[in-house]
Amino acid sequence: MSVTTLLHIDGRPVRVKAGSSVAAALHVNGGMGVARTSVTGEPRAPFCGMGVCQECRVRVDGRRMLACQTVCAEGMQVETSA
Amino acid sequence: MTAMPLAHCDVLIVGAGRAGMAAAVAAAPSGASIVVIDDNPAPGGQIWRDGPGAALPPAARKWREALAHHANIRVCSGTRVVAAPSHDELLLEDAVRGWRMQWKKLILCTGARELLLPFPGWTLPGVTGAGGLQALIKAGLPVRGERIVVAGSGPLLLAAAATARAAGAKVVRIAEQASLAAVAGFAASLVRWPGKAVQALTLADAQYRTSSRIVSVQGDGRVESVRLRQGGRDMEIRCDRVACGFGLTPNTQLGQMLCCALASADTGAQALAVDAWQRTSLPGIYAAGECTGFGGSERALAQGTIAGHAAVGNERGARQHERERAHWNAFAAQLHRSFTLAPGLRQMPKPDTLVCRCEDVPLSALAGCSGWTDAKLHRRCGMGACQGRVCGDAAQFLFGWAPPAPRPPLSPARIATLAGLAAPLNDVDRQ
Ligand SMILES: Cc1cc2nc3c(=O)[nH]c(=O)nc-3n(C[C@H](O)[C@H](O)[C@H](O)COP(=O)(O)OP(=O)(O)OC[C@H]3O[C@@H](n4cnc5c(N)ncnc54)[C@H](O)[C@@H]3O)c2cc1C
Ligand code: FES
């Protein structure tokens with residue numbers, strides 16, 4: 001198994017340790033790992049880390065997924081603002 | 001309309017944490033066909049998470065191997081429950097498909113979530129749950145060099161701080177809301193549970209302060225500092241991240257959706273009611289672990305083992321673990337006594353603090369509401385993606401409102417999966 005995984009977040013290539021969650025990759029991509037904006041437009045990042053708050057939802061290869069419960073795979077296309 | 005697959009098993013276990021794993025392994029020698037489903041990418045539950053930032057202990061590996069060793073146990077990771085189409089069936093979904101699973105015995109091992117309470121700034125990127133931060137780090141979140149403040153209540157704060165420090169972060173403060181007397185009393189009680197005392201010693205921390213709580217978090221688009229109140233004194237600490245947790249709340253949603261009765265746990269929080277055999281109020285449905293009340297992983301293990309034996313009719317096997325369960329039930333009770341939340345925490349949110357993070361509903365909008373239903377219908381509180389799992393717990397603590405009754409879908413699901421509820425069924429082999 002390769003030690004790193006390359007994926008794309010909003011079109012930008014991001015390299016993470018193999019086995020990382022998409023939530024971790026959002027942070028590696030820069031800043032505090034913002035996943036989406038709230039209904040009034042505030043930036044939001046993963047909060048509960050365990051699939052409860054739904055604040056980390058993103059689109060992964062076109063499917064809506066929770067970043068904290070999704071493991072990065074080679075070539076994955078992640079879109080924030082899901 | 002394409003047909004929806006219908007699968008069958010003897011024992012269906014929801015949740016692959018310590019309770020679920022123990023239940024599966026206890027039930028396996030009966031030869032029953034067992035399916036364990038869990039929404040996380042790998043079995044292990046909240047403690048035994050895998051990932052580049054996790055050092056999986058040998059015990060976790062041993063349990064995983066035990067699951068793999070039994071040919072009649074099938075583990076479906078990355079799978080969540082969406083609905084209950086009939087009394088002996090659940091609708092499930094993973095990343096690619098939806099299917100219906102029919103069971104003869106069902107064991108709910110859905111664990112607990114953190115109680116997250118609102119304070120000014122709690123929606124800023126960089127604020128996470130305490131156990132949440134631990135989970136994110138295990139899954140690879142890099143925190144090396146970050147200054148972190150951990151705040152809230154309970155032993156989980158120390159565990160989260162230890163995980164952060166091991167990952168290279170600088171833990172600049174651990175703020176525990178309970179008093180020194182309460183925490184000292186808890187530490188003294190640990191002579192009855194020597195293993196826990198050793199664990200507590202290894203987690204001891206020079207930055208730990210009691211009677212200490214969050215006032216607010218400041219920052220422009222991300223956490224820059226936190227204001228804490230210790231005793232009567234306020235102080236501001238510069239930091240990059242704040243991890244907060246105020247104890248745990250049992251995940252009862254699935255049980256409630258199935259109409260299992262609830263009981264008040266020691267904390268006052270609602271938990272799934274179970275008898276000595278871990279049976280819920282409904283025939284054929286058992287519950288074990290933290291969904292029956294928060295009480296630590298050893299208790300979850302004992303309860304899971306009893307539930308697994310009981311579900312396959314092995315009463316003798318179940319009985320052998322009763323003493324162990326009683327031992328850890330007593331520990332749970334001590335934990336709850338020591339870390340009771342101070343009423344003053346209800347003053348943390350200000351009028352403009354958002355209580356519902358999904359629909360951005362501030363405290364001021366809830367002040368005049370008569371209860372949860374009123375808040376939901378007129379203020380949209382709890383109407384967002386988390387379905388009140390965060391704000392419902394907060395509103396219960398702040399206003400004493402009974403938590404929202406769950407409705408299907410239990411978690412946001414794809415249209416194709418939901419359409420399967422009405423689609424013809426395609427019976428597939430036993431799993
Ligand atoms: C964030 C967090 C961190 C913790 N860290 C520690 C620690 O470091 N040390 C410690 O001693 N204790 C810790 N605890 C306490 C710990 O949860 C318990 O002691 C122990 O894990 C309980 O085991 P369990 O099997 O009851 O539940 P869990 O381990 O919580 O397992 C329940 C599993 O069920 C899954 N699940 C729930 N609902 C569904 C559904 N509808 N569909 C599919 N899957 C579902 C969950 O994702 C989870 O994997 C932590 C708790 C939390 C919430
Ligand atoms: S961080 Fe809360 S659901 Fe992912």
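Begin by selecting chain B together with chain A and looking at the polar contacts that run between them: in this predicted model, 14 residue pairs are in polar contact across the two chains, counting pairs in which both residues have pLDDT 80 or more. On the chain B side, the elements to colour are strand 7 (112-114), strand 8 (127-129) and helix 3 (130-138), each of which gives two or more residues to the side that touches chain A. If you then colour that side of chain B by residue class, you will find 20 nonpolar, 9 polar and 14 charged residues.

Keep both chains on display and widen the selection to every residue in contact, which takes in 43 residues of chain B and 36 residues of chain A. The size of an interface is often given as the accessible area lost when the parts come together. For chain B and chain A the buried area is about 3100 Å², and 60% of it falls on carbon and sulfur atoms. The interface also holds 2 salt bridges, and a good one to zoom in on joins the side chains of A:Glu55 and B:Arg357, with a distance of 2.6 Å from N to O.

Next, select ligand 1, which lies between chains A and B, and show the residues around it. The shell consists of 29 residues, of which B:Ala19, B:Asp38, B:Asp39, B:Glu290 and B:Ser297 are the closest. Sorted by class, the shell comprises 11 nonpolar, 13 polar and 5 charged residues. Several elements of chain B each supply at least two residues to this shell, namely helix 1 (18-27), strand 4 (80-86), helix 3, helix 4 (156-166) and helix 8 (297-311).

Which polar atoms of B:Asp38, B:Asn40 and B:Gln46 should you look for beside the oxygen atoms of ligand 1? For B:Asp38, a polar side-chain atom lies 2.7 Å from an oxygen atom of the ligand; for B:Asn40, an N or O atom of the side chain is 3.1 Å from a ligand oxygen; and for B:Gln46, a polar backbone atom is 2.9 Å from an oxygen of ligand 1. Taken alone, ligand 1 exposes 970 Å², and the protein buries 92% of that.

Stay with B:Asp39, one of the closest residues to the ligand, and add B:Arg80 to the selection. These two form a salt bridge whose closest N and O atoms are 3.9 Å apart. B:Asp39 sits in the loop between strand 2 (34-37) and helix 2 (58-69) of chain B, while B:Arg80 belongs to strand 4, so the pair ties together parts that are 41 residues apart in sequence. Over all chains, the whole structure has 18 salt bridges.

Now move to helix 2 of chain B and pick B:Arg64. Leaving aside residues up to four places away in sequence, B:Arg64 touches B:Met21, B:Ala42, B:Pro43, B:Trp48, B:Asp50 and B:Leu56. A C-alpha to C-alpha distance drawn from B:Arg64 to B:Ala16 comes to 9.8 Å, although the two are 48 residues apart in sequence.

Finish with two points of backbone geometry. Most residues other than glycine have a negative phi, and most peptide bonds are trans. B:Ser211, in the loop between strand 11 (208-209) and strand 12 (212-218) of chain B, has a positive phi of about 45° although it is not a glycine. For the other point, select B:Pro408 and B:Pro409, which are joined by a cis peptide bond with omega of about -5°; B:Pro409 is placed in the loop between helix 13 (391-399) and helix 14 (415-419) of chain B.

Terms used. Residues are numbered from 1 along each chain as its sequence is written. Chains are lettered from A and ligands numbered from 1 in the order in which they are written. This is a predicted model: local features need pLDDT of at least 70, side-chain atom pairs count only at pLDDT 80 or more; totals for chains, interfaces and linings use all residues. Side-chain values use heavy atoms; hydrogens and water are left out. Contact means heavy atoms within 4.5 Å. Buried area is the accessible area (1.4 Å probe) that two parts lose on being put together, summed over both. A salt bridge is a side-chain nitrogen of Lys or Arg within 4 Å of a carboxyl oxygen of Asp or Glu. A polar contact is a pair of N or O atoms within 3.5 Å; within protein, one must be able to donate a hydrogen and the other to accept it, and residues adjacent in sequence count only if both atoms are side-chain atoms. Helices (H or I, at least four residues) and strands (E, at least two) are DSSP runs, numbered from the N terminus. Ala, Val, Leu, Ile, Met, Phe, Trp, Tyr, Cys and Pro count as nonpolar, Asp, Glu, Lys and Arg as charged, and the others, Gly among them, as polar. A residue is near a molecule or strand if one of its heavy atoms lies within 4 Å of it. Accessible areas come from the Shrake-Rupley method with a 1.4 Å probe; for residues, only the protein chains shown count as cover.
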